[in-house]
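Please open the model in your viewer and keep the sequence at hand. The tour below proceeds by selections, each followed by a description of what is found there.

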Amino acid sequence: MRPEDIILEPIVTEKSNDGLQAGKYTFKVNKKATKVDIANAVQKLFSVKVVNVNTITVKGKEKRVGVHVGKTSDWKKAIVTIDTNPGDKTYLAKGGKETKISKKYKDSIEEFMGA
């Protein structure tokens, strides 16, 4: 699946806005997507470092129009925690020399608030 097929839309509610300061973003995702798929899609689409992914399957509600009773479809919600302080990583290379790598990750998703 392509990342555009996995992340369907952001969910902007009062509760999801409270988590933005902690780096938690809420998305409506494809029902067949796994946590690994969601993490890779968010990293590729928004250039951020994903730390954690929590998923919830939301059951559809029973709706009624006149005498006809139906049900809305089930959908999947993902709460993605990103790294809000991406720093340089240091490790020991061959010969005991310290090597530093810096990956260009953003610390927030600006596109989220434009939805």
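By class, how many nonpolar, polar and charged residues does the lining of the largest pocket have? The lining has three nonpolar, four polar and three charged residues. Please bear in mind throughout that this is a predicted model.

**First selection: the pocket**

Select Ile11, Thr13, Lys15, Ser16, Gly19, Lys24, Thr26, Trp75, Lys77 and Ile79, which line the largest pocket. The space inside this pocket amounts to about 230 Å³. Next, colour the lining by secondary-structure element: helix H2 (14–18), strand E2 (24–29) and strand E6 (75–82) each supply at least two of its residues. E6 provides the largest share of the lining, namely three residues.

**Second selection: the sheet**

Keep E2 and E6 displayed and add strands E1 and E3. These four strands form an open sheet in the order E1-E2-E6-E3, with antiparallel pairing. Strand E1 (7–10) and strand E3 (50–58) stand at the edges and have a single partner strand each, so one side of each lacks a neighbour in the sheet. On average, and with direction ignored, neighbouring strands of this sheet are turned by 35° against each other.

**Third selection: the strand pairs**

Begin with E2 and E6, which run antiparallel and are joined by six bridges. Within this pair, select Lys24, whose bridge partner in E6 is Thr81. Lys24 also belongs to the lining of the largest pocket. Then move to Phe27, for which the bridge partner in E6 is Ala78.

Now turn to the other side of E2. E1 and E2 pair in the antiparallel sense over three bridges. Here, select Ile7 and find Val29 in E2 standing opposite. When following side chains along these strands, recall that in a regular strand the side chains alternate between the two faces of the sheet.

**Fourth selection: the helix on the sheet**

Which helix packs on the sheet? Select residues 35–46: this is helix H3, which touches E1, E2, E3 and E6. The direction of H3 makes about 125° with that of E3.

**Final selection: Lys106**

Lastly, go to Lys106, in the segment after strand E8 (98–101). Is Lys106 buried, exposed or partly exposed? Its relative accessible area is 29%; because buried means under 20% and exposed over 50%, Lys106 counts as partly exposed. To end the tour, draw a C-alpha to C-alpha distance from Lys106 to Asp5: the two residues are 22 Å apart in space and 101 residues apart in sequence.

Terms used. Residues are numbered from 1 along each chain as its sequence is written. This is a predicted model: local features need pLDDT of at least 70, side-chain atom pairs count only at pLDDT 80 or more; totals for chains, interfaces and linings use all residues. Side-chain values use heavy atoms; hydrogens and water are left out. On a 1 Å grid over the protein atoms alone, a cavity is a set of points where a 1.4 Å probe fits but cannot get out, and a pocket is an open set with protein on both sides within 12 Å along at least five of seven lines; lining residues have an atom within 4 Å of a point. Grid points are joined across faces, edges and corners, and a volume is the space filled by probe spheres set on the points. Ala, Val, Leu, Ile, Met, Phe, Trp, Tyr, Cys and Pro count as nonpolar, Asp, Glu, Lys and Arg as charged, and the others, Gly among them, as polar. Two strands pair if DSSP finds at least two bridges between them. Axes are lines fitted to C-alpha atoms, for helices over the stretch in contact, and angles run from 0 to 180 degrees between N-to-C directions. Contact means heavy atoms within 4.5 Å. Buried means under 20% relative accessible area, exposed over 50%, partly exposed in between (1.4 Å probe, protein chains only).
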